[in-house]
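Here are a few exercises on how two protein chains meet. Have the model open beside you and try each task before reading its solution.

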Amino acid sequence: MTNPVLELKEITTKVNQGTNRELTILKNISLKVNKGDYITIIGTNGSGKSTLFNVISGLMQVSVGKIYLNGKDITNLKEENRSKFLSRVFQDPKLGTAPRMTVAENLLLALKRGEKRNFLPRNLKNYFPQFIQLTKSMHNGLENRLNAPTEVLSGGQRQALSFLMAIIKKPDILLLDEHTAALDPKTSATLMNETDNQISRGHLTALMITHKLEDALKFGNYLLILNQGKIKFIFGKEEKKRLTVNELEKFLI
Amino acid sequence: MNMIVSAIGQGLLWALLGLGLYLTFRILNFADMTVEGTFPLGAAVAVTSITQGVSPILATLFAGVIGIIAGLITGLLYTKGKIPSLLAGILVMTAIYSINLRIMSKSNISLFGKANLFVNKFLSNLPKYFDSVFIGLLFIIIFTLFISFSLNTNFGQAFIATGDNPQMAKSLGIKTDRMIILGLMISNGLVGICGALIAQNNGYADINMGIGTIVIALASIIIGEVIFKNLTLNQRLVAVTLGSIIYRLLLLLVLQLGFNTNDLNLISAIVLAICMMLPQLEKKFNLKKVLLKGVRKHD
Ligand SMILES: Nc1ncnc2c1ncn2[C@@H]1O[C@H](COP(=O)(O)OP(=O)(O)O)[C@@H](O)[C@H]1O
Ligand SMILES: [Mg+2]
């Protein structure tokens, strides 16, 4: 029996502990993610979806419970040290890229995710063939902007870049937090389809938060519903196929 | 002519200060007040060492090392102690004032013409004021090359990313705290060396010689940026030196206009304020259009 890629064991997170603003966000969450799983996650605003990702990526400490990665206890591992195994794309295009650095520079930084950064010349030009091929796959002209600082890119290009940065070095687990929500419908659909392509082509293990119920049904092989910090339902691939958006809406309330 | 050469020499010597602050202020987005302490600290250490018989080169090196230590302390206060950046710098700057008095044991000590970096056979054969041009060039070239090389390594890119988007940097496994500490150390090391050079050039160290250094450093950086736009990183590093020289020439001009040296800090602050407001003013008064109109042929 191989270990699950990720295992959450009875996770509870509290913020502002010991003050009168104390709030329990995640409540007793347990979850196993196996290699190749592609889980879409939905839940109303404030149900704790992003917090779940914060806990997995180490941005936030758990108050109770354990987190295992490939069988190893990583509960107390810092965010910087977890980055070797996982990558994440945020909803806000500004969060995922270094604005004054060029597209190529950002990609190279991401290619070395979780590695020691040596004191040798970076030889950026050597990576251009790889970067051109990779950015072309996004079909949005990013391949012509490799030398542009990312702050001048469109939101769609910037978010596509964030996504490429998350997968350029294969992560054990990929976290997507409403990564197309800030984009217009057409750009969003293109990026979502390309996301799906890359995940299946690369046999990636992924968790994807979305607020679009259609997307939650269309993509992935599991569907998880979060409600007030608890896992309310998990649907498997077959059950997911039979669900409709209308039925899903009822589960959300 | 002599005065212009002297101003250029001063610009080159002071450029090290601008280069140091560039690392923190521009790359790490960290307004580091420590430099107001590190600069006179470097001066005090160098002059005191030399009067104790230490060789000028070693004394200058000491100044760099002590600057590095000051940067380390500010870095630790900020990253581990979670003290806001501005306050961390001010705390260390204030503490250094007392330490400087301890080192010098009075508020001003002179080299009394003792051996220093500016006193040697080769330099004394140069025309007047060319000694500071030579030493200034030597140091600024060495350190600009060093920083330019470093920033273009994988490590340097991680350093730049730390300043540009710390959240992203962390998520890529970059140890941002370490980067910030290291940046502050190198920056203050350069500022310490700069203080040592200026003190040796002036022939004395003074407890108050740090006042206004941050403004001078920012002026070099921002004058460079205002004049030369759309530069690559390497060009930006060089622009700091050019900015520093232009700043000295501006001061020379102002003194020629009849202001006296007591007004220098006031003038420095005004020059910096104007440079920093320039992009705003440009927008507001359409300066560019008006200026261009003034030089264009009209029909
Ligand atoms: N650091 C924090 N401090 C206080 N409250 C927080 C913090 N992080 C999240 N919360 C609260 O926890 C709840 C869940 O937030 P979040 O996980 O961002 O929800 P979602 O992503 O599902 O919309 C929200 O009510 C939010 O205000
Ligand atoms: Mg969210």
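The exercises below work through this predicted model.

**Exercise 1.** Work out how much area chain B and chain A bury between them, and which residues of chain B supply the most.

*Solution.* Begin with the total: the two chains bury about 2,300 Å² between them, with 56% of it on carbon and sulfur atoms. Next, look at chain B, where N154(B), D164(B) and L172(B) supply 29% of the area it buries against chain A, more than any other three residues. Finally, count the participants: 28 residues come from chain A and 23 from chain B.

**Exercise 2.** Find the salt bridge across the interface, then the helix that gives the most to chain B's side.

*Solution.* The rule finds 1 salt bridge between the chains. Its partners are R100(A) and D164(B), 3.1 Å apart from N to O. On the side of chain B that touches chain A, α7(B) gives the most, with 7 residues.

**Exercise 3.** Decide whether N165(B) is buried or exposed, and trace its polar partners in chain A.

*Solution.* First locate N165(B): it sits in the loop between α7 and α8 of chain B. Its relative accessible area is 7%, and buried means under 20%, so N165(B) counts as buried. Now follow its side chain, which reaches the backbone oxygen of L95(A) at 2.9 Å. A polar atom of that side chain also lies 2.8 Å from the backbone oxygen of T97(A). Among the other residues that N165(B) touches are K94(A), G96(A) and P99(A).

Technical notes: Residues numbered from 1 in each chain as written. Chains lettered and ligands numbered in written order. Predicted model: local features only at pLDDT ≥ 70, side-chain atom pairs only at ≥ 80, totals over all residues. Heavy atoms only, no water. Helix = DSSP H or I, 4+ residues; strand = E, 2+ residues; numbered from the N terminus. Buried < 20%, exposed > 50% of the residue type's maximum accessible area, 1.4 Å probe, protein only. Polar contact = N/O pair within 3.5 Å; in protein donor to acceptor, adjacent residues only side chain to side chain. Contact = heavy atoms within 4.5 Å. Buried area = accessible area lost by both parts, 1.4 Å probe. Salt bridge = Lys/Arg side-chain N within 4 Å of Asp/Glu carboxyl O. Lists of a residue's contacts leave out its neighbours within four places in sequence.
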